[in-house]
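Welcome! Have a look at the protein below, then work through the exercises at your own pace.

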Amino acid sequence: MKEIELKFLLTEEQADALDALLPTLQGLHARPETRQLRSAYHDTESGALRGAGIALRLRHDGLGCVQTAKGAISHHGGIQTTLESETPRPDGALDVAAIPHDGLREQVQALTAGAPLAARVETEMRRHSATVSLPGGGAAEIAVDRGTLRGGGRSAPLTELEIELKGGTVPAVYDLARQILPEGGLRLSRRSKAARAFALADGHDAVDRPALRKANPVPLQAHQTAESAARDVLRECFDQIARNADFVQVSDAPEGPHQLRIGLRRLRAAFDVFGVVLDGPACAHLKAEARWLAHEAGAVRDLDVTVQDLLAPEATAHPMEPGFQRLAAHLTARADAQRLSLRGALTGARAQAFLLDLARFTEARGWLDLADFGQSAQLAQPLSAIATAALDRHWKRAAKRARGIDHLDIEARHDLRKALKGLRYAVEFLAPVLPAGATKTFTKRLRTLQDLFGELNDLAMAQEMLTGADAPGGDDPQAQRAVGWILGSRSVRAEADWAGARKLWHALRDAPRPWDTPG
């Protein structure tokens, strides 16, 4: 059978709150119970099963012993889907021949080829769990696990929430997660307990420190349906956003808010590219929430850019000017405060609801409109059928913003920059279905142009930030002297940059577009 779970890493405080909540939940099948689970994961000495993504477990719970074989895990939107096959083993002995699922049994037998199997890692958990009925039918088990992972002579604690679907539909699992921890602060658990214990055995951490996540290309194919392509792109955007949200919580690195904002902008671009598939009230809500969170991340990013890219070069060029150090102190204090504000937003109820809603929308086909009888044909059309129209739409938007480019004011330049960014993301998403050579050339030109517009935008942003009524160091004469140095120097550069940007735009406008180029 398939095991479908939504899993989160918990703090002890969250686990305590959930322990207290379980007896109060509506739809309880029975009073919550507590069990001690001791599991041993078996493999060959060479790790043949683990290498194939298979876990073979014996679990003792005080009442008996169960042997479980689990196939390779898929993980999207926090949902882990695993092929699972269980059988009681009253004698506590492992028996590969007893695996009920024919395919899993044959796979394990082929991989092990008679090689000895032994317990390689272990987990010992105290599980406090309850099963609840779900609206619309079905049920889910909510389990709070506290315990220890052991592997390679090392051990590590783990506290985790598992919501396992016992019947019903995937959307209900996300809805249940929102219900039982409405205040926010959840962090997705992306690996199985076995994988974490094996990581220990390999000398790694059982729970990885969150890492920066840059955008990855999505391997789309021209013949796949528009719906499946949209789903794949949304999954990529979700993962970039969720992982960078975790990273921002533990790191002051400026790249964290930057990559978080990129993920949110890519998501909004994806909604535009696949509008024929995704448009509807749920999509509009997600767009609005992505815009809100991008604004929160952008406030930190703008301060970081001002310190690193605008102030630092001028301070290096003028080491005897004391105002730069004073201005840096004012800006850094503002950035630190804004970073704390962003972290508060990311652990709050609104950001958590956004991430769960986005995952639910992606994994449960939240774009379906049962009253739209023509939608099925739209969803089933090949990606190649919508790619050209989507790219034409983005191109026309950019070209409209570029009209009269020699006379654009600051706000109009910013609008053009955003349109070019959306065009770039659209081309990158759809690159697998476009001619490779033409796409590479076009994207390179587009990036160069976008970078120039980015530098022009940095100046406009700095002017607003450093000269407004609430400017950092606004009442510090020395700091304001440094502001004058920065804005004066950048204004001179901006004139040259703007001339270059206009020239690059004309070259891009007149160049062949990859979606108009035969493959």
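The exercises below go from the whole chain to single residues, and the model they use is a predicted one.

**Exercise 1. Getting an overview**

Find how many helices and strands the protein has, and what share of its residues count as buried.

Solution. Start with the elements: the protein holds 16 helices and 10 strands. Next, take the burial: 50% of the 519 residues count as buried. For the extent, the C-alpha atoms fill a box of roughly 80 × 55 × 45 Å along the principal axes. Finally, turn to the contacts between residues at least 6 apart in sequence: 71% of them join residues at least 24 apart.

**Exercise 2. Checking the span of a helix**

Work out what span the 24 residues of α10 should have, and compare it with the distance between its end C-alpha atoms.

Solution. Helix α10 covers residues 323–346. At 1.5 Å a residue, counting one less than the number of residues, its expected span is 34 Å. The end C-alpha atoms of α10 are 34 Å apart, so the two values agree.

**Exercise 3. How α10 meets α16**

Decide how α10 and α16 are oriented to each other, and find which residues make the contact.

Solution. First, read the geometry: α10 and α16 (residues 477–510) pack at about 100°, and their axes are 7 Å apart. Angles of 65 to 115 degrees count as roughly perpendicular, so α10 and α16 are roughly perpendicular to each other. On the α10 side, the contact is made by G323, F324, R326, L327 and H330; on the α16 side, by Q478, A479, A482, V483, W485 and I486. Sorted by class, this contact has 7 nonpolar, 3 polar and 1 charged residues.

Then look at what α10 keeps buried: G323, F324 and L327 are among its buried residues, as are L331 and A335. The buried residues of α10 pack against α6, α7, α9, α11, α15 and α16.

**Exercise 4. A second partner for α16**

Are α15 and α16 roughly parallel or roughly antiparallel?

Solution. The packing angle of α15 and α16 is about 150°, with the axes 9 Å apart. Angles over 145 degrees count as roughly antiparallel, so α15 is roughly antiparallel to α16. The crossing of α15 past α16 is left-handed. By class, their contact has 18 nonpolar, 6 polar and 5 charged residues.

**Exercise 5. Inside the protein**

Find how many residues of α4 are buried, and which residues V233 is in contact with.

Solution. Begin with α4 (residues 170–180): 8 of its 11 residues are buried, so the helix is largely enclosed by the rest of the structure. Those buried residues are V170, P171, A172, V173, Y174, L176, A177 and I180.

Now go to V233, which is found in helix α6. V233 has a relative accessible area of 0%; buried means under 20%, so V233 is buried. Leaving aside neighbours within four places in sequence, V233 is in contact with V218, L220, A270, F274 and F429.

**Exercise 6. Positive phi in loops**

Are A113 and R365 buried, partly exposed or exposed?

Solution. A113 is in the loop between α3 and β7, and its phi is near 50°, a positive value in a residue other than glycine. With a relative accessible area of 63%, A113 is exposed. R365 lies in the loop between α11 and α12; its phi is about 55°, also positive although R365 is not a glycine. At a relative accessible area of 40%, R365 is partly exposed.

Terms used:
Residues are numbered from 1 along each chain as its sequence is written. This is a predicted model: local features need pLDDT of at least 70, side-chain atom pairs count only at pLDDT 80 or more; totals for chains, interfaces and linings use all residues. Side-chain values use heavy atoms; hydrogens and water are left out. Axes are lines fitted to C-alpha atoms, for helices over the stretch in contact, and angles run from 0 to 180 degrees between N-to-C directions. Helices (H or I, at least four residues) and strands (E, at least two) are DSSP runs, numbered from the N terminus. Angles under 35 degrees count as roughly parallel, over 145 as roughly antiparallel, 65 to 115 as roughly perpendicular and the rest as oblique. Contact means heavy atoms within 4.5 Å. Ala, Val, Leu, Ile, Met, Phe, Trp, Tyr, Cys and Pro count as nonpolar, Asp, Glu, Lys and Arg as charged, and the others, Gly among them, as polar. Buried means under 20% relative accessible area, exposed over 50%, partly exposed in between (1.4 Å probe, protein chains only). A crossing is left-handed if the near helix is turned anticlockwise from the far one by less than a right angle, and right-handed if clockwise.
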